[in-house]
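Here is a short briefing to read alongside the structure. Have the sequence and the 3D view open, and let's walk through a few spots together.

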Amino acid sequence: MALLPVRIYGDPVLRTKSEPIREVDDSHLSLALDMLETMRHEEGIGLAAVQIGRPIRMLVADVGDRAPKGAPKIFINPEIVEASGEWTFDEGCLSVPGITAEIVRPKRIRLRFTDGKGEGREEVFDELLARVLQHEIDHLNGTLFVDHLEEVERAAIWKQLLELEKESRRRAPATR
Ligand code: NI
């Protein structure tokens, strides 16, 4: 397994729409394991493939005790088929280090996805895991959590975002 560099705000790959995975093979599982290792190393609870520079529709999530035992950790081609409720939660993102913000999202989702064994599944998730899944699915569509903020709230963090953009350019092309 290997740790992978996480792309940060300002890196254009984070704005791309990730491509569906047509056929799940061992290379996807191996990438997912590297992503899980990277996510845990960075102390995150979710990571989308695009965040390590691979714009394909795969994400990993692990919220530990806050999900039912045996909850899946690898999600391929995830698609929200139903959403309900409303929950405000203070979100952060490994690609937007140092910034958190309260974001309102549905509390419960029904998700259609392919798991790490290549099996098609449909399951209901709620609370923290549902939150992480929605945040990561946003990544697959080129959306970041700060995009959900009102103009006034964005204004409060624009300087920090500018600094991240600079940092992202400084790192290039090493991690691009
Ligand atoms: Ni994120």
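On the surface of this predicted model, Met 1, Leu 29 and Leu 33 make up a nonpolar patch. Together these three residues offer about 310 Å² of accessible area. Leu 29 sits in helix α1 (residues 26-41) and is partly exposed, at a relative accessible area of 34%.

**The nickel site**

- Three protein donors hold positions 2.1 to 2.2 Å from the nickel ion: Cys 93 through SG, and His 135 and His 139 through NE2.
- Along the chain, these donors follow the spacing C-x41-H-x3-H.
- Cys 93 belongs to the loop between β4 (87-91) and β5 (101-105), while His 135 belongs to helix α2 (residues 127-140), so this pair ties together parts that are 42 residues apart in sequence.
- Cys 93 and His 135 are both buried.

**Salt bridges**

- The whole structure contains 15 salt bridges.
- One of them joins the side chains of Glu 122 and Arg 112, at 3.0 Å from N to O. It links distant parts of the chain, with Glu 122 in strand β7 (residues 120-126) and Arg 112 in strand β6 (residues 108-114), 10 residues apart.
- Both partners are partly exposed: Glu 122 has a relative accessible area of 38%, and Arg 112 has 40%.
- Asp 115 and Arg 121 also meet through their side chains in a salt bridge, at 2.9 Å from N to O. Here Asp 115 is buried, at 7% relative accessibility, whereas Arg 121 is partly exposed, at 29%.
- A network of salt bridges links Glu 91, Arg 105, Arg 131 and Asp 138.

**Helix α3**

- Helix α3 (residues 151-171) has 21 residues and spans 28 Å from its first C-alpha to its last, close to the expected 30 Å.
- At Ile 157, α3 bends by about 55 degrees. Ile 157 is also one of the buried residues of this helix, along with Leu 161, Leu 164 and Ser 168.
- Within α3, the side chains of Glu 167 and Arg 170 form a salt bridge, at 3.1 Å from N to O. Glu 167 and Arg 170 are three residues apart in the helix, so about one helical turn separates them.
- Glu 167 is partly exposed, at 24% relative accessibility, and Arg 170 is exposed, at 60%.

**A distance to check in the viewer**

- Pro 5 lies in the segment before α1 and counts as partly exposed, at 45% relative accessibility.
- Between the C-alpha atoms of Pro 5 and Gln 160 there are 21 Å, and the two residues are 155 residues apart along the chain.

Terms used. Residues are numbered from 1 along each chain as its sequence is written. This is a predicted model: local features need pLDDT of at least 70, side-chain atom pairs count only at pLDDT 80 or more; totals for chains, interfaces and linings use all residues. Side-chain values use heavy atoms; hydrogens and water are left out. Helices (H or I, at least four residues) and strands (E, at least two) are DSSP runs, numbered from the N terminus. The expected span of a helix is 1.5 Å times one less than its number of residues. The bend at a residue is the angle between axes fitted to the seven residues ending there and the seven starting there. Buried means under 20% relative accessible area, exposed over 50%, partly exposed in between (1.4 Å probe, protein chains only). Donors are N, O and S atoms within 2.8 Å of the metal (3.2 Å for Na, K and Ca); water is not among the atoms, so sites may look incomplete. Patches are made of residues with over 30% relative accessible area and no salt bridge: like charges are joined within 9 Å, nonpolar side chains (Val, Leu, Ile, Met, Phe, Trp, Tyr) within 5 Å. Accessible areas come from the Shrake-Rupley method with a 1.4 Å probe; for residues, only the protein chains shown count as cover. A salt bridge is a side-chain nitrogen of Lys or Arg within 4 Å of a carboxyl oxygen of Asp or Glu.
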